[in-house]
Amino acid sequence: MRVDTGIVPDISAGAYIGTTGKPFSEAHIDAVQVGVAQSTEIGTAVGDLRLNANSNQSRILTNLIVSGVTTVSSAASFSQDTHFVGISTVYTGILPDVDKGAFVGSQTKAFEQAFINEVRIGVGGTNLIDSREGNLRLN
């Protein structure tokens, strides 16, 4: 079958392409490619792949694994357990959701060292607190 202008279903949201038993191997729609490099991959022929929902929210209903660099360029909210592997860079700040309502580390999973301005906490994996330059002052 060859189509020069388009395919229109006979009813809205009632038509399908392929079936579970006879799926298509790949699809090319504008610059979006489905199942081209791998059977479960969605990619683009050119440019970035962008998800844009009418509700302004794109939901991933299972675990998300990102390989490579992730850049979040707006406000982000993470709920439940979120795991970051490797070094995470924060450009402005980290804030708790309420005043005095959050913690860093736990009794069983403590951070080894912290560097806050010129103060170092837990230097060399010890209980030492010192400063990079000058005297440490407690006021």
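**S131 and its surroundings, salt bridges and two sheets**

Me: Is S131 buried or exposed, and what is its relative accessible area?
Reply: Buried means under 20% relative accessible area, exposed means over 50%, and partly exposed lies in between (1.4 Å probe, protein chains only). S131 falls under the lower cut-off, so the residue counts as buried, with a relative accessible area of 14%.

Me: What kind of model is this, and how are its residues numbered?
Reply: The model is predicted: local features need pLDDT of at least 70, side-chain atom pairs count only at pLDDT 80 or more, and totals for chains, interfaces and linings use all residues, while side-chain values use heavy atoms, without hydrogens and water. Along each chain, as its sequence is written, residue numbers start from 1.

Me: In which strand is S131?
Reply: Strands (E, at least two residues) and helices (H or I, at least four) are DSSP runs, numbered from the N terminus. By that numbering, S131 is placed in strand β6.

Me: Which backbone oxygens does the side chain of S131 reach?
Reply: A polar contact is a pair of N or O atoms within 3.5 Å; within protein, one must be able to donate a hydrogen and the other to accept it, and residues adjacent in sequence count only if both atoms are side-chain atoms. The S131 side chain reaches one such oxygen at 3.2 Å, in E133. At 3.0 Å it reaches another, the backbone oxygen of G134.

Me: Leaving aside neighbours within four places in sequence, which residues does S131 contact?
Reply: Contact means heavy atoms within 4.5 Å. With sequence neighbours within four places left aside, S131 is in contact with E118, V119 and L136.

Me: How many salt bridges are there?
Reply: Side chains of opposite charge can pair when their charged atoms come close. The rule used here asks for a side-chain nitrogen of Lys or Arg within 4 Å of a carboxyl oxygen of Asp or Glu. The resulting count of salt bridges is three.

Me: What is the distance between the closest N and O atoms of R132 and E118?
Reply: R132 is exposed, with a relative accessible area of 53%, whereas E118 is partly exposed at 31%. In their salt bridge, the closest N and O atoms are apart by 3.5 Å.

Me: How far apart in sequence are the parts that R132 and E118 tie together?
Reply: R132 and E118 form a salt bridge. R132 lies in the segment after β6 (129–131) and E118 in the loop between β4 (114–116) and β5 (119–121), so the pair ties together parts whose separation in sequence is 14 residues.

Me: Which residue forms a salt bridge with R120?
Reply: The closest N and O atoms of this pair are 2.6 Å apart. The pair links distant parts of the chain, from R120 in strand β5 to a residue in strand β6, 10 residues apart. R120 is partly exposed at 24% relative accessible area, while its partner, at 18%, counts as buried. That partner is D130.

Me: Which residue forms a salt bridge with D4?
Reply: Both members of this pair are exposed. Their closest N and O atoms are 3.2 Å apart, and the partner of D4 is R2.

Me: By how much are neighbouring strands turned in the sheet β4-β5-β6?
Reply: This open sheet of three strands has antiparallel pairing, where two strands pair if DSSP finds at least two bridges between them. β4 and β6 stand at the edges with a single partner strand each, so one side of each has no neighbour in the sheet. Axes are lines fitted to C-alpha atoms (for helices over the stretch in contact), and angles run from 0 to 180 degrees between N-to-C directions. With direction ignored, neighbouring strands are turned against each other on average by 20°.

Me: In β5, what is the bridge partner of A114?
Reply: β4 and β5 pair in the antiparallel sense over three bridges. In β5, the partner of A114 is I121.

Me: Which strands are at the edges of the sheet β1-β2-β3?
Reply: This sheet is open, with three strands and antiparallel pairing. Each edge strand pairs on one side only, and these strands are β1 (27–29) and β3 (42–44).

Me: In β3, what is the bridge partner of V32?
Reply: Three bridges join β2 (residues 32–34) to β3, and the two run antiparallel. In β3, V32 has as its bridge partner T44.

Me: What is the phi of N56?
Reply: Most residues other than glycine have a negative phi. N56 lies in the loop between β3 and β4 and is exposed, with a relative accessible area of 68%. Its phi is positive, near 65°.
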